[in-house]
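Trainee: I'd like to learn how to read a two-chain model from the atoms up. Can we go through it feature by feature?

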Amino acid sequence: MDESPAPDEQLSRLMARAQQGDSNAYVTLLRAITPRVRQLVRSRRGFLGESDVEDVVQEVLLSVHAVRATYDPARPLMPWLSAIVRHRLADAGRRHARQGAHEIGVDDLDVTFQTPVANSREETFGDPDALAQAIQALPPGQRQAVELLKLRELSLKEASALTGMSIGALKIATHRAIASLRRALQGTHEE
Amino acid sequence: MKTDELIDRLGRDVTVTRPLPTPGMRTAVWMVWALSYLVVVAVMMFAVMSSARVTPTPLYLVQQGAALVTGIMAARAALASVIPGANDRVWVVPAIGVATWAAALLWAGVLDLQASGTLGVTSQSDWPCVASMTVGGLLVGAPLAWMLRRGAPLTPNLTVGLAALAALSVANIEACLTRPHAFALTVLLWHGGTVAAIVTLCALMGHRWLRWPDMTTR
């Protein structure tokens, strides 16, 4: 890709043509501004890794696309673009901070703990056959929810699309299934 | 998805897009609606309550003028705030309007005190104005909210707060025109309190109403 910057007037002309529906001009414009956006993101968020930089770049491109009607062709493009980059970076920073507040960084833990008490097997269930039987004994809707969401690890949206059940119904079915499994396995475990 | 693939996808998705008119032009369009509302409601209320006419004094006209200017400037600021690269300090002019409006009401309160020996804080509750300003604000503000959604949600909380201020400034004029108030401080406390409460609420909810479109799920 050509990384040399295009003059501002050329970018403005390309955007004006893009607003008239010229697809080629639009692609040319996006390819021309992408290195500039990448450079802006890197210069303002030097600590971001390459994949994070690329995520922000893509967000900016999507934003440019979404609000291209707000560009006035009589004005230079770069201040308009820089404002979008600045605000999308701020949004990304806020999102990152929110996620960070709810996540705890954990080092890889050893399989066993140093303290013998912590190596209890009480928290795990060691009988896969009993678990499989308990799942088979569930009502069909609950069994399907567990299989899709817990065993195949599909998202709620994917499972909903596959089964035709609503997301709410899937959540309820899963909740009930887990409660039933806990009761069933508790009984097995006590025997 | 790689960035090059995204660019190709966006290129295929591009359609004819009419650039938005300038914020000043859009403000003028909104003001036509807001003033029409004001005229229609005022005429209806005058017809119903013919005895309850307001006597305009110079200070009263300054208050209403300041409210009107605040409404216009707040609407313009809100519409400018959704244009990337526009002035970042769009809120300054509406803030001056609000300060002028409050100062005119305070000055009228001082005159009330001199004339009647009281500020009249407890003399009159003003729930009808709170209700009419809330409903009026919704009616006047709805088209403005629709216009804002065509812009870029750069500062959604500020934008929605300014839009609420614009709508409520106009609704305040309607409330003042159609219901006479014995004391200026009643207007300051009840109308000002309503404006402050609703603007704060709207500003806090702004990021829920104005969002970047989630294009990744399309």
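Mentor: Let's start with one pair: the side chains of Arg94(A) and Asp91(A) meet in a salt bridge, at 2.6 Å from N to O. Keep in mind that this is a predicted model.

Trainee: What's the general idea behind a salt bridge?

Mentor: Side chains of opposite charge can pair when their charged atoms come close. In this case, Arg94(A) and Asp91(A) both sit in helix α4 of chain A, three residues apart, about one turn of the helix.

Trainee: Is Asp91(A) buried or exposed? And what about Arg94(A)?

Mentor: Asp91(A) counts as buried because its relative accessibility is 15%, and the cut-off for buried is under 20%. Arg94(A), at 46% relative accessibility, counts as partly exposed.

Trainee: Which residues are linked with Arg94(A) and Asp91(A) in a network of salt bridges?

Mentor: Glu59(A) and Arg88(A) belong to that network along with Asp91(A) and Arg94(A). The side chains of Arg88(A) and Glu59(A) form a salt bridge at 3.6 Å, N to O. Arg88(A) lies in helix α4 (residues 77–102) of chain A and Glu59(A) in helix α3 of chain A, so this pair ties together parts that are 29 residues apart in sequence. Both Arg88(A) and Glu59(A) are buried.

Trainee: How many salt bridges are there over all chains?

Mentor: The count comes to 10 over all chains, and two of them are between chain B and chain A. One of those two is Asp8(B) with Arg31(A), whose closest N and O atoms are 2.6 Å apart. Asp8(B) lies in helix α1 (residues 3–13) of chain B and Arg31(A) in helix α2 of chain A, so the pair joins two chains. Asp8(B) is partly exposed, with a relative accessible area of 31%, and Arg31(A) is partly exposed too, at 26%.

Trainee: And how do I read the whole interface, rather than one pair?

Mentor: The size of an interface is often given as the accessible area lost when the parts come together. Here the area buried between chain B and chain A is about 2,700 Å², with carbon and sulfur atoms giving 67% of that. Ile7(B), Val14(B) and Trp212(B) supply 22% of the area that chain B buries against chain A, more than any other three residues.

Trainee: How many residues of each chain are in contact?

Mentor: On the chain B side there are 33 residues, in contact with 36 residues of chain A. Between the two chains, 11 residue pairs are in polar contact, both residues being at pLDDT 80 or more.

Trainee: Let's go back to the helix that carries Arg31(A). What should I look at in a helix?

Mentor: Look at its length, its ends and any bends. Helix α2 of chain A (residues 23–44) has 22 residues and reaches 31 Å from its first C-alpha to its last, close to the 32 Å expected at 1.5 Å a residue. At the N-terminal end, Asp22(A) caps α2(A), with a side-chain oxygen 3.1 Å from the backbone nitrogen of Asn24(A).

Trainee: Where does the kink lie in α2(A)?

Mentor: At Ile33(A), shortly before the proline Pro35(A), and the kink is about 30°.

Trainee: Which side chain does His65(A) make a polar contact with?

Mentor: That of Tyr26(A), at 2.7 Å. His65(A) lies in helix α3 (residues 50–66) of chain A and counts as buried because its relative accessibility is 3%.

Trainee: Now the overall view. How do the chains compare?

Mentor: Count the elements, then see how the contacts are spread along the sequence. Chain A has eight helices and zero strands, while chain B has seven helices and zero strands. Buried residues make up 36% of the 191 residues in chain A, and 46% of the 218 residues of chain B count as buried. Among contacts with a separation of 6 or more, residues 24 or more positions apart account for 56% in chain A and 89% in chain B. The C-alpha trace of chain B spans about 75 × 30 × 25 Å along its principal axes.

Trainee: Could we finish with one residue in chain B?

Mentor: Take Ala164(B), found in helix α6 (residues 156–178) of chain B. Ala164(B) is buried, with a relative accessible area of 10%. Leaving out residues up to four places away in sequence, Ala164(B) touches Val199(B) and Cys202(B).

Methods
Residues numbered from 1 in each chain as written. Chains lettered and ligands numbered in written order. Predicted model: local features only at pLDDT ≥ 70, side-chain atom pairs only at ≥ 80, totals over all residues. Heavy atoms only, no water. Helix = DSSP H or I, 4+ residues; strand = E, 2+ residues; numbered from the N terminus. Expected span 1.5 Å × (residues − 1). Bend = angle between axes of the 7 residues up to and from the residue. Polar contact = N/O pair within 3.5 Å; in protein donor to acceptor, adjacent residues only side chain to side chain. Buried < 20%, exposed > 50% of the residue type's maximum accessible area, 1.4 Å probe, protein only. Contact = heavy atoms within 4.5 Å. Buried area = accessible area lost by both parts, 1.4 Å probe. Salt bridge = Lys/Arg side-chain N within 4 Å of Asp/Glu carboxyl O.
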